[in-house]
Amino acid sequence: MFAGLQLVEGQGGFDWTGSSVILFGIGLVYALMGVFVGIGTVAPRLFGQRLLNVADAEEIVEERANMAGSAVGCLILGAAVMLLAHAAAADAAGSTALVAPALAFWILLAVLVGFTALSVLMWRGFDELWRQLTVEISAITGNLLLLVAIIWGGAAAVGLAAGPHPLDLVSIAFGSLLFACFAGAGWRGMMAPR
Amino acid sequence: MENRVREFREAAGWSQGELARRLGVSRQTINAVETDKYDPSLPLALRMAGLFALEVRQLFIDHWTAKE
């Protein structure tokens with residue numbers, strides 16, 4: 001990941017604080033998930049069976065539309081998150097980023113709107129297990145956000161901890177969703193090797 | 001909830017994919033039901049039982065007993 005940071009940093013001096021590094025790392029996880037699912041979806045027999053937790057390649061072919069949508073969504077979302085972290089780190093150091101920080105934010109916002117629209121479209125094709133899983137993931141994410149916001153906000157308010165950096169709020173949101181996806185899938189036995 | 005879906009599916013000679021196709025759900029759903037990770041909705045349980053020509057209680061085993 002640090003090699004990636006150096007790559008996007010180039011020759012300029014960037015201020016990679018803990019907050020921007022964590023956000024970049026979370027974006028990288030999303031992007032890598034998109035890449036792996038995408039490769040598995042494009043070549044189910046060659047790579048998909050080994051990369052993804054499925055019974056056989058035919059299962060990927062059956063779920064190709066949903067998996068391809070998820071792969072593209074994760075890749076674009078991860079890239080937008082990394083772009084925001086990169087732009088914020090550059091801005092903090094007074095360097096020039098790939099895009100201006102404000103533009104990085106608007107890109108992330110546009111991607112979020114697209115991601116939401118994609119989720120609605122995919123919801124229509126979900127069967128009852130996937131709909132239940134989506135509801136559970138949303139609940140886990142919401143509860144994690146509540147917990148972190150109340151504890152960190154409360155502790156910061158009384159001087160027991162430093163307040164969150166704005167990037168931390170973005171990291172908490174995307175990190176909670178990421179954790180919830182793995183926790184929800186694990187709870188339903190989808191992480192067990194098949 | 002315990003169930004005998006795998007037993008009856010295998011007796012019918014169907015793969016998980018074949019049963020999923022007949023019920024109009026994903027393979028993951030069949031796998032999750034068979035491994036007791038997911039209790040299907042009442043409509044899906046009724047369809048499953050109907051497909052195997054069984055009563056729901058023959059396919060899904062509930063150990064609950066009414067309190068006196």
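Student: Where in chain B is E18(B) found?
Tutor: A good place to begin, and do keep in mind that this is a predicted model. E18(B) belongs to helix α2 of chain B.

Student: Why is E18(B) called partly exposed?
Tutor: Count its neighbours: 14 other C-beta atoms lie within 10 Å of E18(B). A buried residue needs 20 or more, and an exposed one has 12 or fewer. The count of 14 falls in between, so E18(B) is partly exposed.

Student: What separation do the C-alpha atoms of E18(B) and R4(B) have?
Tutor: Those two C-alpha atoms are 17 Å apart, while the residues are 14 places from each other along the chain.

Student: Which elements make up chain B?
Tutor: Chain B has five helices and two strands. Read from the N terminus, their order is β-α-α-α-α-α-β.

Student: How do you know that the radius of gyration of chain B agrees with that of a compact globule?
Tutor: We set the value against the rule. For 68 residues, a compact globule would come out near 11 Å, and chain B has 12 Å, so the two agree. The C-alpha atoms of chain B occupy a box of roughly 45 × 25 × 20 Å along the principal axes. Of its 68 residues, 28% count as buried.

Student: How many residues of chain B are in contact with chain A, and what makes a pair a contact?
Tutor: A pair is in contact if the C-beta atoms lie within 7 Å. By that test, 14 residues of chain B meet 13 residues of chain A. On the chain B side, α2 (16-23) and α3 (27-34) each give at least two residues. α3(B) gives the most, with five residues. By class, this side of chain B has four nonpolar, eight polar and two charged residues.

Student: Now for chain A. How many helices and strands are there?
Tutor: Chain A has eight helices and zero strands. Its C-alpha atoms fill a box of roughly 50 × 40 × 30 Å, taken along the principal axes. Of the 194 residues of chain A, 27% count as buried. Of its contacts between residues at least 6 apart in sequence, 69% join residues at least 24 apart.

Student: Which helix of chain A has the lowest mean pLDDT, and which the highest?
Tutor: Helix α1 (residues 2-9) of chain A has the lowest among the elements of that chain, at 57, and helix α7 (residues 128-157) of chain A the highest, at 96. For the whole of chain A the mean is 88, and 93% of the residues reach 70 or more. Where pLDDT is low, the predicted coordinates should not be read in detail.

Student: Into which domains is chain A divided?
Tutor: There are domain 1 (1-125) and domain 2 (127-194). The C-alpha centres of these domains of chain A are 18 Å apart. Each of the two gives 14 residues to the contact between them. From domain 1 of chain A, α2 (18-42) and α5 (64-93) each supply at least two residues. α2(A) gives the most to that side, with six residues. The domain 1 side of this contact has 11 nonpolar, three polar and no charged residues.

Student: Which residues have the most contacts inside the largest nonpolar core?
Tutor: They are L23(A), V81(A), L84(A), A85(A) and A87(A), in a core of 30 residues. Two or more residues come from each of α2, α5, α6 (101-125) and α8 (166-187) of chain A. α5(A) gives the most to this core, with 14 residues.

Student: How do you know where this core lies relative to domain 1 and domain 2 of chain A?
Tutor: Look at which domains supply it. Domain 1 (1-125) and domain 2 (127-194) of chain A both give residues to this core, so the core lies between them.

Student: Which residues does V81(A) touch?
Tutor: Leaving out residues up to four places away in sequence, V81(A) touches L23(A), I26(A), G27(A), Y30(A), L108(A) and F174(A). There is also a second, separate core of 14 residues, which includes L129(A), I137(A), I30(B) and L59(B).

Methods: Residues are numbered from 1 along each chain as its sequence is written. Chains are lettered from A and ligands numbered from 1 in the order in which they are written. This is a predicted model: local features need pLDDT of at least 70, side-chain atom pairs count only at pLDDT 80 or more; totals for chains, interfaces and linings use all residues. Domain bounds come from an automatic or database domain assignment. Helices (H or I, at least four residues) and strands (E, at least two) are DSSP runs, numbered from the N terminus. Ala, Val, Leu, Ile, Met, Phe, Trp, Tyr, Cys and Pro count as nonpolar, Asp, Glu, Lys and Arg as charged, and the others, Gly among them, as polar. pLDDT is the predictor's confidence in each residue, from 0 to 100. A nonpolar core is a set of buried Ala, Val, Leu, Ile, Met, Phe, Trp, Tyr and Cys residues joined through C-beta atoms within 7 Å. The radius of gyration is taken over C-alpha atoms; the globule rule is 2.2 Å times the number of residues to the power 0.38.
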